[in-house]
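Dear colleague,

Please find the structure below. A short account of what was found in it follows.

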Amino acid sequence: MDLVSLDIFRTVAEEGSVTGAARRLDRVQSNVTTRLRQLEADLGVALFSRDGRRMTLTHEGRVLLDYAHRLQSLVAEARAALVPGTERLRIGTMESTAASRLPGPLARFRAARPDAMIELVTGATDALVEDVLGHRLDCALVARPPLQLATDDPLPHPELTERAVVTEELLVVGPGGADDDRPPAALAVLEPGCTYRRIAESLLVRPAAARGRVVRVQQLNSYHAVMACVAAGTASGVMPRSVFDLLKAPEGVRIQSLGPVETVLVARRDYRSAGFETLAALLAGVA
C-alpha cells in the first residue's frame, strides 16, 4: 500500500467510477483499474461493489477512505512545513459567514501569505464539522447555539478545538403588515444541519406545534431566495443580522430577534499549520 495507490482509490471513491477518476487524475483507465486491483489484493478485501460502471464503497472501503483522507492531510501538512510555497489551507464556512465576515480577513491573509493556497467550501454546520473530523477540511467556521438548545448539536466535540470569532444576532424577518407576536405560518430556512435552522425550529416551530399550530418549513438554497420569499409575503425568513444588512430587504419588514449565536473556528486537536494560525489571528478581529 503506497500513497499513490491511496490517492487513486480516494479519487475513484469521490468520482464513483474509474472513468471519472482517470479523467481527473489524467491517467488511462487501465492503469487506474490495475492499481485498484493491486491495492485490494494487497489488503485482501474488496473496496468497491461494482454495478456496471458505477462503483460503491464496501464497508472496508469506507474505513480505508477515512484513513486515506487522514494520510492526505498529513502529507499536505508535512510538505507545507518543509517546502516553502506549498501550503494549502482547506477552509469550510457557512454561507452567511462567507458573505458577511470573510472577504476582509481572506484578503489580508493573501497579503500576509501570498504563497499559500486557500480552498473554500460552504455548507451547513453539521456537514462542515464532519468534514473537519474526516480530514476533508483543515478548519471550519460554524455556528454554536446557546447551550440550552444544543442537545443535538455537533459541538462541543472532544476531538476539536474551538476559537471564538464573532457573535451574530439571529433574526426572523417577516413580511410587512403583521402586528402580533404569533409564530409565522411558514418559515424559510436553509438545509438540514444548519444551526440557525435548528434554533428557529426549537424556538418557533416546535412550541407552535405543541399548541396545535402548524408552522410550515420551506427549505431554500440561499439567503437571497429566503429574502425573496419574505418580499413575496409567502414566508418569514431566518438569517443573521450581518446577512440581513447585506441584502436589499423590502420596506416595512418585521424583525424579531432570536438572540445571540456564536460563530467559532474549529479544527482537529492534532492539526498544526502556520497558515491556520495566521487565519485564526486575522479572524480574531473580524467583529
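A cavity is a set of points, on a 1 Å grid over the protein atoms alone, where a 1.4 Å probe fits but cannot get out. Grid points are joined across faces, edges and corners, and a volume is the space filled by probe spheres set on the points. By this rule there are 3 cavities of 30 Å³ or more. The largest has a volume of about 60 Å³. It is lined by 10 residues (those with an atom within 4 Å of a point), and the closest to its centre are Ala76, Glu77, Arg88, Asp138 and Tyr271.

This is a predicted model, in which local features need pLDDT of at least 70 and side-chain atom pairs count only at pLDDT 80 or more, while totals for chains, interfaces and linings use all residues. Residues are numbered from 1 along each chain as its sequence is written, and side-chain values use heavy atoms, with hydrogens and water left out.

The domain assignment, which is automatic or from a database, gives domain 1 (3-81), domain 2 (84-166 + 263-284) and domain 3 (167-260). The C-alpha centres of domain 1 and domain 2 lie 27 Å apart. Their contact (heavy atoms within 4.5 Å) takes 9 residues from domain 1 and 12 residues from domain 2.

Across this interface the rule finds 0 salt bridges, a salt bridge being a side-chain nitrogen of Lys or Arg within 4 Å of a carboxyl oxygen of Asp or Glu.

Yours faithfully

How values were computed: On a 1 Å grid over the protein atoms alone, a cavity is a set of points where a 1.4 Å probe fits but cannot get out, and a pocket is an open set with protein on both sides within 12 Å along at least five of seven lines; lining residues have an atom within 4 Å of a point.
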